[in-house]
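Got a structure open and wondering where all those labels come from? Let's take a few of them and see what earns each name.

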Amino acid sequence: MATSPSSYGTSRAVLVGVSDYAHSGFTPVRAADNSVAAMQALLSDPDLCGWPLDSVIVISNPGSVSELGIRLTELARETTGVLLLYFVGHGVVTERAELCLALSSTHPDHPGISGLRWETIRHAFLSSPARVRIGILDCCFSGRAIEALSGTGDQALADLADIRGSYILTASRSNRAAHVPPAHEQHAACTTFTAELRDLIRTGIPGKADWLTFSDIYPELRQRLTTKGFPAPDRRGTDTADQFRFAANAASRHISRLSTQAPDSPASDPTPAAGGAPSPMVRRAAEQLVRDLQDRVHKLIADLQDARAAGDTDKAASTERQLEGVRALLQQAIKTRTEFRS
């Protein structure tokens, strides 16, 4: 697992964000939409993580527990390279201290029935032939969840980490709540954990190798968060999963537009041209990213028009937020493409 992502076969990153909830027992997490967009941009950045956009699957505000569970299981079974699951939203626990991820339709009094139980995710990981399985959880817990997880609930993450080749990174320890910015700031902000993770990857870590592994990332991420007074993250892993090369080190002096390889990309044309110019593969990836984001903008505009025509104000507002985030990604992608052409 110390090799670069290019050594893996078919890979998928599944980004699940829940910002809107049907029940008033859950406060909206507007920053979740921005966090998903930030993770999508980070993973698909050809200079950092290098995932092709069509390998990064975004699921926003899922409502059906069964549909999401089935989809995650099917995607996991089809993945032979790297399987990455990112979740941002509320986390809740059952009376038996089992961790559940709250979906849009989850009832706070019945999380075991209406939430995505951790056992479902564990089953999906177990059924996957992926060589590396990564879980990144940015969950906000209520006081009840904190109390429950302070006991046997810790075993939920430990059980998942028992799966060979797995690495789990969480936004907080079992007895602490994850942190989000104040509600009036969430329109333009990510959740605190995801923002720090994003910024760390984009700036890199001086003195580390050209590729950052989770063993490099976690200590630096923990220091950054705790220094600012935020909850300390936690992690568990098996085998050498913490040595998976997650991103190119932007702070490495040896990297000048490093041609990163996505987990399911062929290991061809892996180096930049003389003088640090991007390789043809990276140029093609930049062109494709712009086209894909343009297509997504057009689709979101159509969805927004349909929602307004139907008088669905909640869906319209949610679509507007997604559209704003994708447009920001498109502007950055166009800027990168222009730089690559020069």
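Q: How many bridges join strand S1 to strand S2, and which way do the two strands run?
A: Keep in mind that this is a predicted model. Five bridges join S1 (residues 12-17) to S2 (residues 56-60), and the strands run parallel. Strands pair if there are at least two bridges between them, so these two qualify. One of the partnerships is Val14 with Ile57 in S2.

Q: What makes the connection from S1 to S2 a β-α-β crossover, and what is its handedness?
A: The chain leaves S1, passes through helix H1 (residues 31-44) and arrives at S2. The crossover is right-handed, because with the strands pointing away from you, the path over the helix runs clockwise.

Q: Why is the pair of Tyr21 and Phe26 called tilted?
A: First, the rings count as a pair because their centres are 5.3 Å apart, and the cut-off is within 6.5 Å. Next, their planes sit at 40 degrees. Stacked needs under 30 and edge-to-face needs over 60, so 40 degrees lands in the tilted group.

Q: How do you know whether Tyr21 and Phe26 are buried or exposed?
A: Buried means under 20% relative accessible area. Tyr21 has 13%, so Tyr21 is buried. Phe26 has 8%, so Phe26 is buried too.

Q: Why is the pair of Tyr167 and Phe214 called stacked?
A: Their ring centres are 4.6 Å apart and their planes are at 20 degrees. That angle is under 30, so the pair is stacked.

Q: What does the pair of Tyr167 and Phe214 tie together?
A: Tyr167 lies in strand S7 (residues 166-170) and Phe214 in helix H8 (residues 214-227), so the pair ties together parts that are 47 residues apart in sequence. Both residues are buried. Along with Phe246, they form one aromatic cluster.

Q: Where is Asn249, and what makes the label "buried" fit?
A: Asn249 is in the loop between strand S10 (245-248) and helix H9 (280-309). Its relative accessibility is 0%, which is under 20%, so Asn249 counts as buried.

Q: Which backbone oxygens does the side chain of Asn249 reach, and why do these count as polar contacts?
A: The side chain reaches the backbone oxygen of Lys208 at 3.4 Å and that of Ala209 at 3.0 Å. The limit is within 3.5 Å, so both distances make the cut.

Q: How many disulfides does the structure hold?
A: Zero. As for cysteines, Cys49 is buried, with a relative accessible area of 0%, and Cys100 counts as buried at 0% as well.

Notes. Residues are numbered from 1 along each chain as its sequence is written. This is a predicted model: local features need pLDDT of at least 70, side-chain atom pairs count only at pLDDT 80 or more; totals for chains, interfaces and linings use all residues. Side-chain values use heavy atoms; hydrogens and water are left out. Rings of Phe, Tyr and Trp (its six-membered ring) pair if their centres lie within 6.5 Å; planes under 30 degrees apart count as stacked, over 60 as edge-to-face and the rest as tilted. Buried means under 20% relative accessible area, exposed over 50%, partly exposed in between (1.4 Å probe, protein chains only). Helices (H or I, at least four residues) and strands (E, at least two) are DSSP runs, numbered from the N terminus. A polar contact is a pair of N or O atoms within 3.5 Å; within protein, one must be able to donate a hydrogen and the other to accept it, and residues adjacent in sequence count only if both atoms are side-chain atoms. A disulfide is a pair of cysteine sulfur atoms within 2.5 Å.
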